[in-house]
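The following exercises ask the reader to reason from a structure to a conclusion, one step at a time. Please attempt each task before reading its solution.

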Amino acid sequence: MNKQENTKWKLPLYKIYSDDEDVTLITKIIKRGTKWAIGPEIEEFENEIKNYVGTDYCITLNSGTSALHALFLAYGIRKDDEVIIPSFSFISTANSVLFVDAKPKFTDIEENTFGLDPMMVTKNISSKTKAIVPMDYGGLSCDIFKIKQIANDNNIILIEDAAEALGSSVKGKKVGSVADSSIFSFCGNKVLTTGEGGAVVTNSKEIYEKLKLIRSHGRVDKTSYFDNPDVPVYEMLGFNWRMSTITATLGLSQIHKLDKLIQMRQENAKYISSKLSKFNQIKTPNAPKGYEHIYQMYTIRLNNKKIRDNLHNFLTTKKIFSKVYFSPIHLTSFYQNKFKIDRNSLPTTETISEQVLTLPMYPNMTTEEKNYLVDSISEFFEKKLFIN
């Protein structure tokens, strides 16, 4: 076993918030004894999401990765197309491009939001660019309006990877409502979680109808598959990417308390930041003016890699789980072997990735837990352990 497997964490990276409503609604579905798949709660959850975000359509899938893959298929992105993406993201942002045989065009980020740098996006557009896919880091929107203008000016599809940002907003607009289409993830560490799951929101009826086929074997479902005695009609190649009824029901319960969960996270982040701000080696997360941060992750930035790595190791000895989000995708062995991308080709990405450290954050952190985190970090700096 490795060190992590032997560690009983005093502070895990995240805890899922649940209450009696979650249990009651799931129990109701289980006891119903039918429609555990393709039940009415799926459409109810989709309606809740689209109304919350402010889009015309929403379609749920079994993961955020499936949602992004499905969108690329729906938009007809294919071999030899280029897709502008950040390297500072979860690897599925890049993998989904390869799933459709397109080429990821890794592009640098800016330091205010850790999102794609609009100036670098413009620089990397070519005649082969089919889509731009910015990612919203840790619950904070990227500079989506500038990127949207660039996409419009160049007649390029804009797909927002908002996997980490459902509930955040920028300039009064909910994340997910600005791009041509956007994806969300509901995996375990998200603010709204169903364990696994994802969704697409869009204002395009055409894309919405294509996604319904793609997620369900290319089948036309005018009535539920399990309620239809007729021979199904299959119009295209599709996948088994549907969300289950049980998952959607959990999502319904979670979205009812989403604003409460966000407020709890924001209060915890404010408390932790107020205690850590005295250390000049730490830059705490902060939202630019006009942005709302929902703190899906609480990520600090240290002065350099040595301090970051020493703090990371020290927190492990304190049984506090911390993690680097993210190491650059373009420097992973797979992408290096495939594309041979030069180190230092994305200087801001590579610098930030050596300085960031994500700390525990969850809605129901107790005062004792927050103080243990803050006191441990204070011990690290006050004893000058960062210079070892």
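A residue is called exposed when its relative accessible area is over 50%, and buried when that area is under 20%. The model used here is a predicted one.

**Exercise 1.** Determine whether D80 and N344 are buried or exposed, and describe their phi angles.

*Solution.* Step 1: locate the residues. D80 belongs to the loop between α3 (64-74) and β2 (82-86), while N344 belongs to the loop between α11 and α12 (347-353). Step 2: apply the cut-off. The relative accessible area of D80 is 53%, so D80 is exposed. For N344 the value is 60%, and N344 is therefore exposed. Step 3: examine the backbone. D80 has a positive phi, near 80°, and N344 has a positive phi near 75°. Most residues other than glycine have a negative phi.

**Exercise 2.** Establish which residues of helix α6 are buried and how they are arranged around the axis.

*Solution.* Step 1: list the residues. In α6 (residues 144-153), the buried residues are I144, I147, K148, I150 and A151. Step 2: consider their directions. Because these residues cover an arc of only 160° around the axis, they lie on the same side of α6. Step 3: recall the geometry. An α-helix has 3.6 residues a turn, so residues three or four places apart point the same way. Step 4: inspect both sides. The buried residues pack against α5 (118-124), β4 (129-132), β5 (157-161) and β6 (169-170), whereas K146 and D153, on the other side of α6, are exposed. Step 5: look past the helix. N155 follows α6 and has a positive phi, near 55°.

**Exercise 3.** Explain why C58 does not form a disulfide.

*Solution.* Step 1: state the criterion. A disulfide requires two cysteine sulfur atoms within 2.5 Å. Step 2: compare the distance. The cysteine sulfur closest to that of C58 is in C187, 17 Å away, which is too far for a bond. Step 3: conclude. The count of disulfides is zero. As a further remark, C58 is buried, because its relative accessibility is 3%.

**Exercise 4.** Describe the surroundings of N268.

*Solution.* Step 1: place the residue. N268 is part of helix α9 (residues 258-276). Step 2: assess accessibility. With a relative accessibility of 4%, N268 counts as buried. Step 3: identify contacts. Apart from neighbours within four places in sequence, N268 is in contact with M361, Y362, P363, M365 and K370.

Methods: Residues are numbered from 1 along each chain as its sequence is written. This is a predicted model: local features need pLDDT of at least 70, side-chain atom pairs count only at pLDDT 80 or more; totals for chains, interfaces and linings use all residues. Side-chain values use heavy atoms; hydrogens and water are left out. Helices (H or I, at least four residues) and strands (E, at least two) are DSSP runs, numbered from the N terminus. Buried means under 20% relative accessible area, exposed over 50%, partly exposed in between (1.4 Å probe, protein chains only). Contact means heavy atoms within 4.5 Å. The arc is that of the directions from the helix axis to the C-beta atoms.
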